[in-house]
Structures are given as C-alpha cells and as structure tokens.
Amino acid sequence: METELLRQLYFYDAVNRLNRQRPPNDNEIIYNFHEEGTIDRVFHNTGTTVGIITGTEYNARGQRERINYGNGTQSAYTYDEKTFRLVR
C-alpha cells in the first residue's frame with residue numbers, strides 16, 4: 001500500500017490574519033479584510049477567480065449587518081438596540 005503526502009499551505013499577513021489558503025488540490029482561497037480587520041471578501045481561485053463572499057457591511061460596533069455571497073444571495077443581520085444581541 002502506497003502512502004500519499006497531502007500538503008495544505010496557509011499564508012498570513014503582517015498582523016497574523018490568514019490571507020491565503022492552498023489545499024492539496026491547488027485551488028487557492030483568498031481572504032480580503034477591511035482596514036478594521038474584519039473580513040470583507042473571500043475568493044476561490046481555480047484558474048479563474050470566483051467570489052465566495054463578495055462583500056460585507058458592519059455597524060459602528062463591528063457587528064456584521066450584511067453579507068453578500070458570490071451566487072447573488074445575501075444575509076442581513078438585525079440587533080437589539082438595548083442589548084446589542086442578534087435578533088435575526
């Protein structure tokens with residue numbers, strides 16, 4: 001029985017955020033961040049770049065309000081005004 005070595009590579013930026021991930025099949029995943037350090041976009045590169053997450057919006061507290069996906073769908077988040085907890 002032969003053994004197969006599979007290697008997954010992780011690349012980090014200067015502030016130790018994951019910015020690229022390369023699994024054994026060489027389909028690279030690329031992460032982009034806002035200046036505040038929150039995730040903005042995620043791309044999958046298989047020879048052509050495809051957006052997995054195409055954009056995100058955050059409120060002043062850093063809570064995610066909207067996330068747009070590469071397939072055209074989106075998720076919206078609402079928070080309680082008094083407790084700041086996620087409502088939906």
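**Close-up views of a seven-stranded sheet**

**View 1. Glutamate 57 and its surroundings in strand β5.** Glutamate 57 lies in strand β5, residues 49-58, where strands (E, at least two residues) are DSSP runs numbered from the N terminus. The model is predicted, so local features need pLDDT of at least 70 and side-chain atom pairs count only at pLDDT 80 or more, whereas totals for chains, interfaces and linings use all residues. Residues are numbered from 1 along each chain as its sequence is written, and side-chain values use heavy atoms, with hydrogens and water left out. Glutamate 57 is partly exposed, with a relative accessible area of 41%; here buried means under 20%, exposed over 50%, and partly exposed in between (1.4 Å probe, protein chains only). Leaving aside neighbours within four places in sequence, glutamate 57 is in contact (heavy atoms within 4.5 Å) with Gln63, Arg64, Glu65 and Arg66. The C-alpha atoms of glutamate 57 and isoleucine 67, which are 10 residues apart along the chain, are separated by 6.5 Å.

**View 2. The open sheet and its edges.** Seven strands form an open sheet in the order β1-β2-β3-β4-β5-β6-β7, with antiparallel pairing; two strands pair if DSSP finds at least two bridges between them. β1 and β7 (74-76) stand at the edges with a single partner strand each, so one side of each is left without a neighbour in the sheet.

**View 3. The β1-β2 hairpin.** Strand β1 (residues 9-12) pairs with strand β2 (residues 18-22) in the antiparallel sense over four bridges, and five residues lie between the two strands of this hairpin. Leucine 9 stands opposite arginine 22, while tyrosine 12 has leucine 18 as its bridge partner. In the turn, asparagine 16 has a positive phi of about 65°.

**View 4. Salt bridges of arginine 17 and arginine 22.** A salt bridge is a side-chain nitrogen of Lys or Arg within 4 Å of a carboxyl oxygen of Asp or Glu, and by this rule the count comes to four. Arginine 17 meets aspartate 13 at 2.8 Å, N to O; arginine 17 is partly exposed at 24% relative accessibility, and aspartate 13 is partly exposed at 22%. Arginine 22 forms a salt bridge with glutamate 28, the closest N and O atoms being 3.1 Å apart, and glutamate 28 is buried, with a relative accessible area of 12%. Arg20, Arg22 and Glu28 are linked in a network of salt bridges.
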